[in-house]
Amino acid sequence: MKPFGYVRARTVPEAIEAHTSAPAARYLGGGTNLVDLMKLGVETPATLVDISALPLDTVEDTPGNGLRAGAGVRNSDLAAHPRVRADWPVLSQALLAGASGQLRNAATTGGNLLQRTRCPYFQDLAQPCNKRAPGTGCAALTGHSRELAVLGASPSCLATHPSDMAVALAALDAELTVAGPGGTRTLPVTELHRLPGAHPERDTTLAPGELITAVTLPPATAGAPSAYRKARDRASYAFALVSVAAVLRLDPDGTVRQARLAFGGVAPRPWRALRAEDVLTGARADEETFRRAADAELAQAAPRPDNAFKVPLARELAVAVLADLATAQTAQTAPEPQP
């Protein structure tokens with residue numbers, strides 16, 4: 001690991017000032033991803049701005065029945081929060097599926113969103129990687145791509161985003177509060193991550209020095225039936241081959257009133273399935289509809305030979321999650337049998 005400077009910030013303005021005044025600075029929260037990459041030599045920041053002491057570790061109700069979680073809230077605390085478990089269960093399930101208890105105790109809400117790809121070529125300094133070293137090429141294009149993207153990739157990069165939490169937040173229409181040298185702004189979580197295009201080295205739309213300070217869960221998805229399911233190579237903690245986050249609310253007649261669907265493990269960012277949602281909304285909540293919706297979204301997939309299995313896997317996983325949510329609601333509204 002190369003030598004680096006260190007600044008411990010006590011306030012958000014102090015952190016932003018330290019970041020913008022130091023060359024090649026990086027924010028340090030839980031460090032569960034950044035420190036590992038520094039050990040590998042993939043990340044070589046000249047200065048670390050430690051934001052772990054910032055007052056961003058609370059969870060509060062917002063007007064209208066929403067919820068706001070500070071960016072410093074630990075993943076374990078967010079997963080266990082009573083309102084998250086009751087009103088946004090998809091988020092709690094995603095966090096619990098994402099890492100061991102030890103890592104969840106260290107990882108932060110903001111840091112989870114900003115973790116970098118686990119593409120093996122990105123982490124191997126002996127291999128060319130446009131994300132790590134722009135202009136060097138992408139070894140995955142002619143190499144092993146089983147775990148890599150089938151949606152949203154480019155000729156410059158096939159990497160996938162590893163976060164489980166981010167997939168759930170995408171399905172929940174969550175918003176981020178971001179502070180930076182130019183002030184504070186909000187943006188949908190779906191607008192945080194970039195597709196690689198010709199510049200895969202730019203993971204997000206954050207400007208230099210900007211810092212995520214909070215995540216807000218909107219009232220619109222509060223209380224809606226939701227679920228997260230993850231397919232991986234082993235039952236223990238592993239990154240998703242494919243994951244699905246879904247929100248599904250039915251009308252009494254069995255048609256879909258509200259549908260939110262996102263995929264993980266298949267793209268360079270959490271993949272909000274807008275085409276599938278269009279098919280679902282207002283349609284009959286049955287397997288035929290769910291399959292048609294998944295096919296509409298996955299028609300744009302461009303798999304490689306060794307990850308083509310992700311397309312049918314994503315389809316079947318989405319159909320299964322949606323069917324389970326629909327069945328649970330139908331069972332709740334079914335009339336009790338008469339004696």
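**Sheets and cavities in a predicted model**

Three strands, in the order 1-3-2, form an open sheet with parallel pairing. This is a predicted model, in which local features need pLDDT of at least 70, side-chain atom pairs count only at pLDDT 80 or more, and totals for chains, interfaces and linings use all residues. Residues are numbered from 1 along each chain as its sequence is written, and side-chain values use heavy atoms, with hydrogens and water left out.

Me: What makes strand 1 and strand 2 the edge strands of the sheet 1-3-2?
Reply: Strand 1 (5-8) and strand 2 (25-28) each pair on one side only. Strands here are DSSP runs of E with at least two residues, numbered from the N terminus, while helices are runs of H or I with at least four.

Me: How do you know that strand 2 pairs with strand 3?
Reply: Two strands pair if DSSP finds at least two bridges between them; strand 2 and strand 3 (residues 47-50) are joined by 4 bridges, so they count as paired, and they run parallel. Among the bridge partners are Ala25 and, in strand 3, Thr47.

Me: What makes helix 1 a helix that packs on the sheet?
Reply: Helix 1 (residues 12-21) touches strand 1, strand 2 and strand 3, where contact means heavy atoms within 4.5 Å. The direction of helix 1 makes about 150° with that of strand 2, on axes fitted to C-alpha atoms, for helices over the stretch in contact, with angles from 0 to 180 degrees between N-to-C directions.

Me: How do you know that strand 6 and strand 8 pair in the antiparallel sense?
Reply: Strand 6 (residues 175-180) and strand 8 (residues 211-217) share 5 antiparallel bridges, and Leu176 has Val215 of strand 8 as its bridge partner. These strands belong to an open sheet of 5 strands in the order 4-5-8-6-7.

Me: Why is a space in this structure called a cavity?
Reply: On a 1 Å grid over the protein atoms alone, a cavity is a set of points where a 1.4 Å probe fits but cannot get out. The structure holds 4 cavities of 30 Å³ or more, and the largest has about 130 Å³ of space, a volume being the space filled by probe spheres set on the points, which are joined across faces, edges and corners.

Me: What makes a residue part of the lining of the largest cavity?
Reply: A lining residue has an atom within 4 Å of a point; 16 residues line the largest cavity, including Lys131 and His161, which are among those nearest its centre.

Terms used
On a 1 Å grid over the protein atoms alone, a cavity is a set of points where a 1.4 Å probe fits but cannot get out, and a pocket is an open set with protein on both sides within 12 Å along at least five of seven lines; lining residues have an atom within 4 Å of a point.
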